[in-house]
Amino acid sequence: MGLLKRKLKLAKPAYHDVNASWFRINHQIRVDDWVDDPQWQGQVEEPRWLSTNHLLGKGYWVWIIPLSSGATSIGIVADPNKHPYAELNTFARARVWLSKYEPQFAGIIEAHVDQVQDFLTLKHYSYNCKKMFSADGWAITGDAGVFLDPFYSPGSDFIAMNNSFITELIVKHYAGEDIVQATGEYEKLFRTLFLAFGTVYEEQYPIMGSARVMTIKVIWDFTLYWSGIALLFFSNKLTDLVFMQRGGAQLQQIYQLNFEMQGLFRHWAEAELPNGDMRDKFLNYTRCSSFSIPLPSNSYLHPAEQYFNDGVGSKRPKSLPIICFPDGIS
Ligand SMILES: Cc1cc2nc3c(=O)[nH]c(=O)nc-3n(C[C@H](O)[C@H](O)[C@H](O)COP(=O)(O)OP(=O)(O)OC[C@H]3O[C@@H](n4cnc5c(N)ncnc54)[C@H](O)[C@@H]3O)c2cc1C
């Protein structure tokens, strides 16, 4: 726990309940070598192993991250309702767990088990903080304040957003402005964002077992992220309180829409049959989001159009991304 958080007794539990264990292995794991089929090999232009690769199943995901040292970072992130922490919290148990849920990958780990470098684990890694910014001259950023979830790495988003709020407060303060109101507004904005990001993760881990639904959820999450918060951030609008207040009602609508969509994904995944029918499907994400449909034809994103028209100006995409699914996953 961060120094200030401990000293000021600001610790606050987070609702999101997921555990993680991770370790490094001094060996380059190349996902590309797992399949001989040249058609599968040719589906992507760059080597797969250079990316972070995710193996997903009901209630969990496993990360495979190549490190510059030549080692590979491997992590298991799992919902305790499906995968009790006691099954993951030592290296020996994590090996057993992998052999049960990701046997092909476990075989590779077993072949290099003598090259394991370390093992770390975190129970209920998500946490909150009662207060992040104060007009008395202190503020908290990064993992010292809050942490939500490692999927999509929102920790880095919160670092960027909170650092922007804090920088703005420092600039205002040294410009002689009273920062009491701005501090309160940024705190509120941060809370709203934490809540909004939370809906993407909370109780959503079971969806990872449904290839069809999770695929569509990822497209949805990307779409909302790049056409929403990321666009605001890159347009330097997030700290502009006048702008953010003007768009408040529209943002609330987007939040509500996302809330409903996350519920839909959850219920849909519960109703889905096992993943057999998706086994050999390949989805090129770069071909999924169509930017060509004019917004007014799509009523539920219409408020966002007005909102972005209002302030983001030329940086706004001509139309917001509308999800269109290629053959095979519709
Ligand atoms: C399971 C898990 C997986 C993750 N995977 C990813 C990922 O793949 N990609 C990604 O982008 N993010 C990932 N994250 C998130 C990412 O690790 C954090 O968001 C990020 O490291 C936070 O950076 P930070 O600077 O706030 O804190 P830290 O990285 O924790 O840095 C804080 C530093 O301050 C030092 N420190 C603490 N107290 C003091 C003190 N009193 N004096 C001096 N120094 C001090 C600490 O030693 C530490 O070096 C993951 C997080 C978790 C929990």
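**Notebook: a look through the predicted model**

I began with Pro154, which counts as buried because 22 C-beta neighbours lie inside 10 Å. My cut-offs for this are as follows: buried takes 20 or more other C-beta atoms within 10 Å of a residue's own, exposed takes 12 or fewer, partly exposed is in between, and the C-beta atoms are placed from the backbone.

Before going on, I noted that this is a predicted model, where local features need pLDDT of at least 70 and side-chain atom pairs count only at pLDDT 80 or more, while totals for chains, interfaces and linings use all residues. Residues are numbered from 1 along each chain as its sequence is written.

**Pro154 and its surroundings**

I found Pro154 in helix α5. Helices here are DSSP runs of H or I with at least four residues, strands are runs of E with at least two, and both are numbered from the N terminus. Leaving out residues up to four places away in sequence, Pro154 touches Leu148, Asp149 and Phe197. I count a contact when two C-beta atoms, placed from the backbone, lie within 7 Å. Phe197 is 43 residues from Pro154 along the chain, yet their C-alpha atoms are separated by 7.9 Å.

**The ligand shell**

Which helix gives the largest share of the shell around the ligand? It is α5 (residues 154–174), with three residues. The ligand has 13 residues around it, and Ala20, Gly142, Pro150, Ser153 and Gly155 come nearest. To be near, a residue needs its C-beta atom, placed from the backbone, within 6 Å of the molecule or strand. I sorted the shell into seven nonpolar residues, five polar and one charged. In that sorting, Ala, Val, Leu, Ile, Met, Phe, Trp, Tyr, Cys and Pro are nonpolar, Asp, Glu, Lys and Arg are charged, and the others, Gly among them, are polar.

**Helix α6**

Phe197 led me to α6, where it is one of the buried residues. The others on that list are Thr183, Tyr186, Leu189, Gly198, Val200 and Tyr201. Their cover includes β8 (133–134), α5, α7 (211–227), α9 (241–246) and α10 (248–271).

The helix covers residues 180–201, 22 in number, and reaches 32 Å from its first C-alpha to its last, close to the expected 32 Å. The expected span is 1.5 Å times one less than the number of residues.

I also looked up Ala196, which is in α6. With 18 C-beta neighbours inside 10 Å, Ala196 counts as partly exposed. Ala196 touches Tyr255 and Asn258, leaving out residues up to four places away in sequence. The C-alpha atoms of Ala196 and Gln256 are 9.2 Å apart, with their positions 60 residues apart along the chain.

What follows α6? Glu203 does, and its phi is positive, near 60 degrees, although Glu203 is not a glycine. Glu203 is in the loop between α6 and α7 and is partly exposed, with 16 C-beta neighbours inside 10 Å.

**The nonpolar cores**

I then turned to the largest nonpolar core, which has 32 residues. Such a core is a set of buried Ala, Val, Leu, Ile, Met, Phe, Trp, Tyr and Cys residues joined through C-beta atoms within 7 Å. Tyr60, Ile76, Val77 and Met208 have the most contacts inside this core. At least two residues come from each of β2 (19–25), β4 (60–66), β5 (72–78), α3 (91–101), α4 (103–111), α7 and α10.

Why does this core lie between domain 1 (17–122) and domain 2 (203–323)? Both domains give residues to it. The domain bounds come from an automatic or database domain assignment.

I checked Val77 too: beyond its neighbours within four places in sequence, Val77 is in contact with Val18, Ala20, Tyr60, Trp61, Pro150 and Phe151. A second, separate core has 19 residues, including Phe133, Phe158, Tyr186 and Leu238.

**Two loop residues**

His124 is in the loop between β6 (116–122) and β7 (127–129). Its phi is positive, about 45 degrees, although His124 is not a glycine. His124 is partly exposed, with 14 other C-beta atoms within 10 Å.

Lys130 is in the loop between β7 and β8, and is exposed with 11 other C-beta atoms within 10 Å. Lys130 touches Leu10 and Lys12, leaving out residues up to four places away in sequence.

**The whole chain**

Lastly, I noted 11 helices and 11 strands in the protein chain. Buried residues make up 26% of its 330 residues.
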